[in-house]
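Student: I would like to go through this structure and ask what each label rests on.

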Amino acid sequence: MDCRPFPSIARSCFSTTLRYHRHFPFPPPSQSRFTTERRSRARSSNYSMEVAGVDSMGKEFTSAQEMWREEIGEEGDVTMKTQWYRDGVSYWEGVEASVDGVLGGYGHVNDADIVGSEVFLKTLLRERLADGGMNRYLVALDCGSGIGRITKNLLIRYFNEVDLLEPVSHFLDAARENLVCTASETHKATNFFCVPLQEFTPAAGRYDVIWVQWCIGHLTDDDFVSFFNRAKASLKPGGFFVLKENVARSGFVLDKDDRSITRSDIYFKELFRRCGLHLYRTKDQNGLPEELFAVKMYALTVDTPKKVSKTKSKTRGNRPQIIK
């Protein structure tokens, strides 16, 4: 689902991204319901799971736990959880396999998105890998790859091999076609996995970078943590995760149409803590339309970073249009 920026821009991860649609930046039909900014306030300053939130129907929740109980039932309710993921994939299966489709009608943000990601990636490669990785055979995993938008425009230029993970089959088919003319003997898309993010276990020690954009909002908190814990073993020494996502001003915003959640910065950081990951560097994405949610990039490492570099965030208020 590399596709959209949440709620509207997501990338198809499910598309596997449950469309882990990381490329979709655009608002679903329910977006109009978010025209009035809601100030979801945290019930606890130390435990982000206690933050309040709202859904696309206007219903307010006092905590994330309350919302998850309503959406996927009590712990162990396999039926409701399965339906949550099935509905997410189903939504993206009805979306056209094009840049405009995966970005929720905001195809024009593609250039700004790629430029922002490239600046961030180059900085990370230079800091994390010897010689910036120039003398190393580099391999990346594109989670929620959708139609291969990010692989084609960014990753395949820096990595010798890129594996694509996407749950939506027609997105993955389009990715294969889109990447034929960009591949070479030394830079190519190698594997195309039509598997949902929550069910995927990466090969041990294979990746230098695991890129997760506009798709993680389809995962429940527990599956978010479970995925990153499984994926840790797939990173090479010096390797890292990049998570690029829509960020709510506070709490969370639940999209009932595509079954995704836009989390706040503090919510994300609590989940990173639960994953045992270290926040190495962050950066805000610039150049996106004001009506969309703010988008932030997080570089995450398994090892403790010597220095954590942050940029001052200029987060916008919770809004109806988002990048999925």
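Tutor: We take the overall figures, then a helix, the ring pairs and the sheet.

Student: What kind of model is this, and how many helices and strands does the protein have?
Tutor: This is a predicted model. The protein has 8 helices and 11 strands. Of its 324 residues, 60% count as buried. Among contacts between residues at least 6 apart in sequence, 71% join residues at least 24 apart.

Student: Why is serine 117 called buried?
Tutor: Its relative accessible area is 1%. Buried means under 20%, so serine 117 is buried.

Student: Where does serine 117 lie, and which residues is it in contact with beyond its neighbours within four places in sequence?
Tutor: Serine 117 lies in helix α4, residues 110-128. Leaving aside those neighbours, serine 117 is in contact with Leu154, Trp211, Gln213, Lys244, Gln285 and Met297. As for leucine 155, 38 residues away along the chain, its C-alpha atom is separated from that of serine 117 by 9.8 Å.

Student: How do you know that the length of α4 agrees with its number of residues?
Tutor: The expected span is 1.5 Å times one less than the number of residues. For the 19 residues of α4 this gives 27 Å, and the end C-alpha atoms are 26 Å apart, which agrees.

Student: Which other residues of α4 are buried, and what covers the buried residues?
Tutor: The buried residues include Asn110, Asp113, Ile114, Gly116, Phe120, Leu124 and Arg128. The cover includes helices α3 (99-102) and α5 (149-158), together with strands β6 (207-213), β7 (235-247), β10 (278-284) and β11 (294-301).

Student: What makes arginine 128 count as sitting over the ring of tyrosine 280?
Tutor: The distance limit is 6 Å from the ring centre, with a further limit of 35 degrees from the ring normal. The charged end of arginine 128 is 5.3 Å from the centre of the tyrosine 280 ring and sits over that ring. The charged end of arginine 263 likewise sits over the ring of tyrosine 267, 5.4 Å from its centre.

Student: How many aromatic pairs are found, and what makes the pair of tyrosine 91 and tryptophan 92 an aromatic pair?
Tutor: A search of the whole structure finds 13 aromatic pairs. Tyrosine 91 and tryptophan 92 have ring centres 5.1 Å apart and planes at 80°. Centres must lie within 6.5 Å, and planes over 60 degrees apart count as edge-to-face, so this pair is edge-to-face.

Student: Why is tyrosine 91 called partly exposed, and is tryptophan 92 buried or exposed?
Tutor: Tyrosine 91 has a relative accessibility of 24%. Partly exposed runs between 20% and 50%, so tyrosine 91 is partly exposed. Tryptophan 92, at 2%, is buried.

Student: Why is the pair of phenylalanine 224 and phenylalanine 228 called tilted?
Tutor: Their ring centres are 5.2 Å apart and their planes are at 50°. Stacked needs under 30 degrees and edge-to-face over 60, so the pair is tilted. Both residues lie in helix α7 (residues 221-231), 4 residues apart, about one turn of the helix. Phenylalanine 224 is buried at 0%, and phenylalanine 228 is buried at 0% too. Ring pairs link these two with Phe227, Phe241, Phe268, Phe272 and Tyr298 into a cluster.

Student: What makes β5 and β10 edge strands?
Tutor: The open sheet has 7 strands in the order β5-β4-β3-β6-β7-β11-β10, with mixed pairing. β5 (188-193) and β10 each pair on one side only, and they are the edge strands.

Student: How do you know that β3 and β4 pair?
Tutor: At least two bridges are needed. Strands β3 (residues 139-143) and β4 (residues 161-165) have 5, in the parallel sense. One partnership joins alanine 140 to valine 162 in β4.

Student: Why is β11 called largely enclosed, and in which sense does it pair with β7 and with β10?
Tutor: 8 of its 8 residues are buried, so β11 is largely enclosed by the rest of the structure. Ala294, Lys296, Tyr298 and Leu300 point one way, while Val295, Met297, Ala299 and Thr301 point the other way. β11 pairs with β7 in the antiparallel sense over 7 bridges, and with β10 in the antiparallel sense over 6 bridges.

Terms used
Residues numbered from 1 in each chain as written. Predicted model: local features only at pLDDT ≥ 70, side-chain atom pairs only at ≥ 80, totals over all residues. Heavy atoms only, no water. Helix = DSSP H or I, 4+ residues; strand = E, 2+ residues; numbered from the N terminus. Buried < 20%, exposed > 50% of the residue type's maximum accessible area, 1.4 Å probe, protein only. Contact = heavy atoms within 4.5 Å. Phe/Tyr/Trp six-rings, centres within 6.5 Å; stacked < 30°, edge-to-face > 60°.
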